[in-house]
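Welcome to a short set of exercises with worked solutions. Please keep the sequence and the model open beside you while you work.

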Amino acid sequence: LREAQSRWKATYNTQQGDIKSWDEQSPEGYALQRELNQSFRYAYRKDKRIMGRVREIADGSGDDDMIQDLNDYAVLGKENPTQLTAINFDATKLDRSAELSDTLGTLLAQANGDKKAEHELKDLRDRAYTLLKEDVTELRDAGKYAFADQPDIAKLFTSEYSRRHRTKKDEPTVEE
């Protein structure tokens, strides 16, 4: 049970760290996506063919779409630099966009994790707990039966948790 718990917790904690990294870095991706969309709409406003691609890129929403949009803007901008240069667009943003797309794609995949593996590890942990709990319950019941005539020993076969909560429950309440 300890081994199963440790393996599941390690997977769970790693995923939580990845989610935190995603939460810290994804706002930059969304901000750059909006900025590129605005710049591209202005720069390519007179070219119907490229504007069609800009609209196509801007269509959609969500994390996956933002990651793909960043890469699409980088490729489109590098293929058609003339109009961007004309509006004094900082071309290094295209490199940053491609880089951020790669980074965020990896982070999102890690944050989402391997749900099946995590589920299998948690399932293994839960099954191990259930088997252990059944065995401990059987042992406690046998101990209470075997030492029924010796209450001091018999009470040792009750869990500390049950002793604490049973005494609180069994205490009479004072009515006003």
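The exercises below go from a single helix to the core, the salt bridges and the surface.

This is a predicted model, in which local features need pLDDT of at least 70 and side-chain atom pairs count only at pLDDT 80 or more, while totals for chains, interfaces and linings use all residues. Residues are numbered from 1 along each chain as its sequence is written, and side-chain values use heavy atoms, with hydrogens and water left out.

**Exercise 1. Find which residues of helix α2 are buried, and work out why they lie on the same side of α2.**

Step 1. Helices are DSSP runs of H or I with at least four residues, numbered from the N terminus. Helix α2 spans residues 48-58.

Step 2. Sort by relative accessible area: buried means under 20%, exposed over 50%, and partly exposed in between, with a 1.4 Å probe and protein chains only. In α2, the buried residues are I50, M51, V54 and I57. They lie on the same side of α2 because they cover an arc of only 115° around the axis, the arc being that of the directions from the helix axis to the C-beta atoms.

Step 3. Now turn the helix over. K48, R49 and E56 are exposed on the face of α2 turned away from its buried side.

Step 4. Look at both ends. At the start of α2, the backbone nitrogen of R49 has a side-chain oxygen of D47 within 3.1 Å. After α2 comes G60, with a positive phi near 110°.

**Exercise 2. Describe the largest nonpolar core and say which helix gives it the largest share.**

Step 1. A nonpolar core is a set of buried Ala, Val, Leu, Ile, Met, Phe, Trp, Tyr and Cys residues joined through side-chain atoms within 4.5 Å. The largest one here has 23 residues.

Step 2. W22, L36, F40, Y44 and L104 have the most contacts inside this core.

Step 3. At least two core residues come from each of α1, α2, α3 (63-79) and α5 (92-112). The largest share, six residues, is supplied by α5.

Step 4. For background, nonpolar side chains tend to be buried together in soluble globular proteins.

**Exercise 3. How many salt bridges does the structure hold, and which parts of the chain does the pair K93 and E35 link?**

Step 1. Count a salt bridge when a side-chain nitrogen of Lys or Arg is within 4 Å of a carboxyl oxygen of Asp or Glu. The structure holds seven of them.

Step 2. In one of these, K93 meets E35 at 2.0 Å, N to O. This pair links distant parts of the chain, with K93 in helix α5 and E35 in helix α1, 58 residues apart. K93 is partly exposed at 25% relative accessible area, and E35 is partly exposed at 28%.

Step 3. Compare a local pair. The closest N and O atoms of D123 and R127 are 2.9 Å apart, and both residues lie in helix α6 (residues 115-146), four residues apart, or about one turn of the helix. D123 is partly exposed at 32%, whereas R127 is exposed at 55%.

Step 4. D126 and R125 also form a salt bridge, with their closest N and O atoms 2.8 Å apart. D126 is partly exposed at 29%, but R125 is buried at 17%. Elsewhere, E28, R96 and E99 are joined into one network by salt bridges that share partners.

**Exercise 4. Where is N88, and is N88 buried or exposed?**

Step 1. N88 sits in the loop between α4 (81-86) and α5.

Step 2. Check the backbone: N88 has a positive phi of about 60° although it is not a glycine. Most residues other than glycine have a negative phi.

Step 3. N88 is exposed, at 72% relative accessibility.

**Exercise 5. Which residues form a nonpolar patch on the surface?**

Step 1. Patch residues have over 30% relative accessible area and no salt bridge; like charges are joined within 9 Å, and nonpolar side chains (Val, Leu, Ile, Met, Phe, Trp, Tyr) within 5 Å.

Step 2. The patch consists of L1, Y129, L132 and V136, together offering about 330 Å² of accessible area, by the Shrake-Rupley method with a 1.4 Å probe, where for residues only the protein chains shown count as cover.

Step 3. L1 lies in the segment before α1 (2-43) and is partly exposed at 39%.

How values were computed:
A polar contact is a pair of N or O atoms within 3.5 Å; within protein, one must be able to donate a hydrogen and the other to accept it, and residues adjacent in sequence count only if both atoms are side-chain atoms.
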